[in-house]
Amino acid sequence: MRKNNLVVLVALEKEVSKKDLPPEIHLRYTGVGKINAAITATEVILEFHSDLEIVNIGTCGSSVHPHGTVLTCTQFKQMDMDATAAGLELGTTPFSNKAPIIEFGDPAATPVLCGSQDKFETEIPSTVDCIEMEAFAIATACKKYNVPFRAYKVVSDQGGNQSHDAWLKFLENDMPLVINEIRELI
């Protein structure tokens, strides 16, 4: 059920601008990366308190899904914490009881695993559906404060040495074409 205050969080205006969304939707830019995303998500939660739903829209890389695919993410994996040398699974934080994967959405839906790490990835792992930089942090804040959360990610590149250039080209040429599909989802 959609809440009265729907807030869309986007890293950059190049991904989604206010003109792309209906006027009743609040839009906030987080900036790039998990720290910026966590701060903005928490600020939004404190500002709107209850009757809030957060939607994250952005681009991602994928070695599993084709260029231009819109993914409805249901699982969010922390991929920056690497304590594997201590025998822990990638994403598991030492001395914490928090799972490295957070789930949102319909549990009966086909899971779409979104990996988050703060680096431009040239070798995108096939163990996740996509990789990006903000969703895990936003999901963490929403889970902590019991705020409904959805994330839509658009595959902008498949990694490789030219992935940053492909991402920039996607933002300029292709993102305007898929924003209508995303608008229908929110």
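Let's start with Lys 77, a residue with plenty of company. Leaving aside residues up to four places away in sequence, Lys 77 touches Glu 89, Leu 90, Pro 100, Ile 101, Leu 113, Cys 114, Gly 115, Ser 116 and Phe 136. You'll find Lys 77 in strand β5. Is Lys 77 buried or exposed? Its relative accessibility is 14%, and the cut-off for buried is under 20%, so Lys 77 counts as buried. Keep in mind that you're looking at a predicted model.

Now step back to the whole chain. It holds four helices and nine strands, and reading along the sequence gives the pattern β-β-α-β-β-β-β-β-β-α-β-α-α. The radius of gyration is 16 Å, close to the 16 Å that the globule rule gives for 186 residues, so the chain is as compact as a globular protein of that length. Along its principal axes, the C-alpha trace spans about 50 × 40 × 30 Å. Of the 186 residues, 48% are buried. Contacts reach a long way along the sequence too: if you take those between residues at least 6 apart, 68% join residues at least 24 apart. On the outside, the chain exposes about 9,500 Å², with carbon and sulfur atoms supplying 54% of that area.

Next, have a look at helix α1, which runs over residues 34–48. With 15 residues at 1.5 Å a residue, α1 should span 21 Å, and its end C-alpha atoms are indeed 21 Å apart. Which residues of α1 are buried? They are Lys 34, Ala 37, Thr 40, Ala 41, Val 44, Ile 45 and Phe 48. These residues cover an arc of only 135° around the axis, which puts them on the same side of α1. The spacing makes sense, because an α-helix has 3.6 residues a turn, so residues three or four places apart point the same way. Turn to the other side of α1 and you'll meet Ile 35 and Leu 46, which are exposed. So what do the buried residues of α1 pack against? Their partners are the strands β1 (5–10), β2 (26–29), β3 (52–61), β5 (75–78) and β7 (113–116), along with helix α2 (135–144). Just after α1 comes His 49, which takes a positive phi of about 55°.

Let's go inside. The largest nonpolar core has 29 residues, and the members that touch the most others are Leu 52, Ile 54, Cys 73, Phe 76, Ile 138 and Phe 149. At least two residues each come from β1, α1, β3, β4 (70–73), α2 and β9 (149–157). Helix α2 gives the most, with seven residues. To see one member up close, pick Phe 149: not counting residues up to four places away in sequence, it touches Ile 54, Asn 56, Phe 76, Phe 104, Ala 135, Ile 138, Ala 139 and Cys 142. There's also a second, separate core of 18 residues, which includes Leu 27, Val 55, Val 70 and Ile 182.

Finally, head out to two loops. Phe 95 sits in the loop between β5 and β6 (101–103). Its phi is near 60°, a positive value in a residue other than glycine. Phe 95 is exposed, with a relative accessible area of 91%. Asn 146 lies in the loop between α2 and β9. Here phi is near 55°, again positive in a residue other than glycine, and Asn 146 counts as exposed at 70% relative accessibility.

Terms used
Residues are numbered from 1 along each chain as its sequence is written. This is a predicted model: local features need pLDDT of at least 70, side-chain atom pairs count only at pLDDT 80 or more; totals for chains, interfaces and linings use all residues. Side-chain values use heavy atoms; hydrogens and water are left out. The expected span of a helix is 1.5 Å times one less than its number of residues. Buried means under 20% relative accessible area, exposed over 50%, partly exposed in between (1.4 Å probe, protein chains only). The arc is that of the directions from the helix axis to the C-beta atoms. Contact means heavy atoms within 4.5 Å. A nonpolar core is a set of buried Ala, Val, Leu, Ile, Met, Phe, Trp, Tyr and Cys residues joined through side-chain atoms within 4.5 Å. The radius of gyration is taken over C-alpha atoms; the globule rule is 2.2 Å times the number of residues to the power 0.38. Accessible areas come from the Shrake-Rupley method with a 1.4 Å probe; for residues, only the protein chains shown count as cover.
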